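Please take a moment with the sequence and the structure shown here before reading on. The paragraphs below lead from strands to a helix and then to aromatic rings.

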Amino acid sequence: MERVEQHASHGGYQEVWKHTSTTLGCEMRFGIYLPGAALRGEKCPVLYWLSGLTCTEQNFITKAGAQRYASAHGIIIVAPDTSPRGDDVPDDPSYDLGKGAGFYVNATQQPWAQHFRMYDYVVDELPGLIESQFPASDARSISGHSMGGHGALVIALRNPARYRSVSAFSPIVAPSQVPWGAKAFTAYIGDDRESWKLHDALELIRAGAARLPLLVDQGEDDEFLASQLKPELLRAACLAKAYPLQLNLRPGYDHSYYFIGTFIGEHIDHHAKALR
């Protein structure tokens, strides 16, 4: 690994590291915030943040303002890139497929299958790296925005023993039913819609996924609300299964980091209670 950035922030350090990923077959970057407790050698719990379409590790660490809350709670925050990168990694001209649009799945279709295995990277390789190279405990939580909100929900629902808590901003809750998800799933996983269910939060809840309380914030002025996000479907599925969901619909807020920055403190409080 090589550290490529370090900035003092709220008594800790915001860093960016690069490393060679054996899962993805390319060089990857991740942002990591180390609070003062970690710098003193204390083993700290970790919150993983998954970003949305077109993002890198930079968007969350520079725009969300999460460091002050992570510092107060003694939580490490890890924000990986959203997809594999490099000249040998396939891409697509559109913004919602290829680089910057990994969708946190394991691709099975060509030309994507060799590199696009973001599910395994986030669930296995990245935590193994963080817990071996930094003062991090194995107490983990996960959160994300938009495509990353989809990733956080699916990963937590499929691995409830690995995460203490989960939350999401503006998540794609039913990717099998909206254009973003259908396009990505067809390309990465293929045409068999049964195989899509393992990567769809709505389908996992309907199938009886283990209960892990869900915190979701959604802006009511989000331009993608009706076409891509559809939180009402998540509410209905959770009601049908008596699944614990706190869904906050926020009047006036859109899909941007202005929205995330406003409520990120509440989400980190939610995770801190579970992690401590």
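Which residue in E5 is the bridge partner of tyrosine 48? In this predicted model, the residue of E5 that partners tyrosine 48 is valine 78. That bridge belongs to the pairing of E4 with strand E5 (residues 76–80), in which the two strands run parallel and are joined by three bridges. E4 also pairs with strand E6 (residues 136–144), again in the parallel sense, and here there are six bridges; cysteine 44, for its part, stands opposite alanine 136 in E6. With strand E4 (residues 44–50) having seven of its seven residues buried, the strand is largely enclosed by the rest of the structure.

From the strands we can turn to a helix. Helix H5 (residues 147–158) is made of twelve residues, and from its first C-alpha to its last it reaches 17 Å, close to the 16 Å expected at 1.5 Å a residue. Eleven of those twelve residues are buried, so H5 is largely enclosed by the rest of the structure. Among the buried residues of H5 are Met147, His150, Leu153, Val154 and Ile155, together with the glycines Gly148, Gly149 and Gly151.

The aromatic rings offer another way through the model, since a search of the whole structure finds 14 aromatic pairs. One of them is formed by phenylalanine 169 and phenylalanine 259, whose rings meet edge-to-face, at 5.6 Å centre to centre and with 85° between the planes. This pair links distant parts of the chain, for phenylalanine 169 lies in strand E7 (residues 166–169) and phenylalanine 259 in helix H11 (residues 257–275), 90 residues apart. Phenylalanine 169 has a relative accessible area of 0% and is therefore buried, and phenylalanine 259, with a relative accessible area of 0%, is buried as well.

A further pair, tryptophan 180 with phenylalanine 224, is tilted, at 4.8 Å centre to centre and with 50° between the planes. Here too distant parts of the chain are linked, with tryptophan 180 in helix H6 (residues 179–188) and phenylalanine 224 in the loop between strand E8 (214–219) and helix H9 (225–229), 44 residues apart. Tryptophan 180 counts as buried because its relative accessibility is 4%, under the 20% cut-off.

Returning to phenylalanine 169 and phenylalanine 259, we find them in one aromatic cluster with Trp49, Phe60, Tyr253 and Phe263. Over the face of phenylalanine 263 lies arginine 250, at 3.9 Å from the ring centre.

Methods: Residues are numbered from 1 along each chain as its sequence is written. This is a predicted model: local features need pLDDT of at least 70, side-chain atom pairs count only at pLDDT 80 or more; totals for chains, interfaces and linings use all residues. Side-chain values use heavy atoms; hydrogens and water are left out. Helices (H or I, at least four residues) and strands (E, at least two) are DSSP runs, numbered from the N terminus. The expected span of a helix is 1.5 Å times one less than its number of residues. Buried means under 20% relative accessible area, exposed over 50%, partly exposed in between (1.4 Å probe, protein chains only). Rings of Phe, Tyr and Trp (its six-membered ring) pair if their centres lie within 6.5 Å; planes under 30 degrees apart count as stacked, over 60 as edge-to-face and the rest as tilted. A charge sits over a ring if NZ of Lys or CZ of Arg is within 6 Å of the ring centre and within 35 degrees of the ring normal. Two strands pair if DSSP finds at least two bridges between them.
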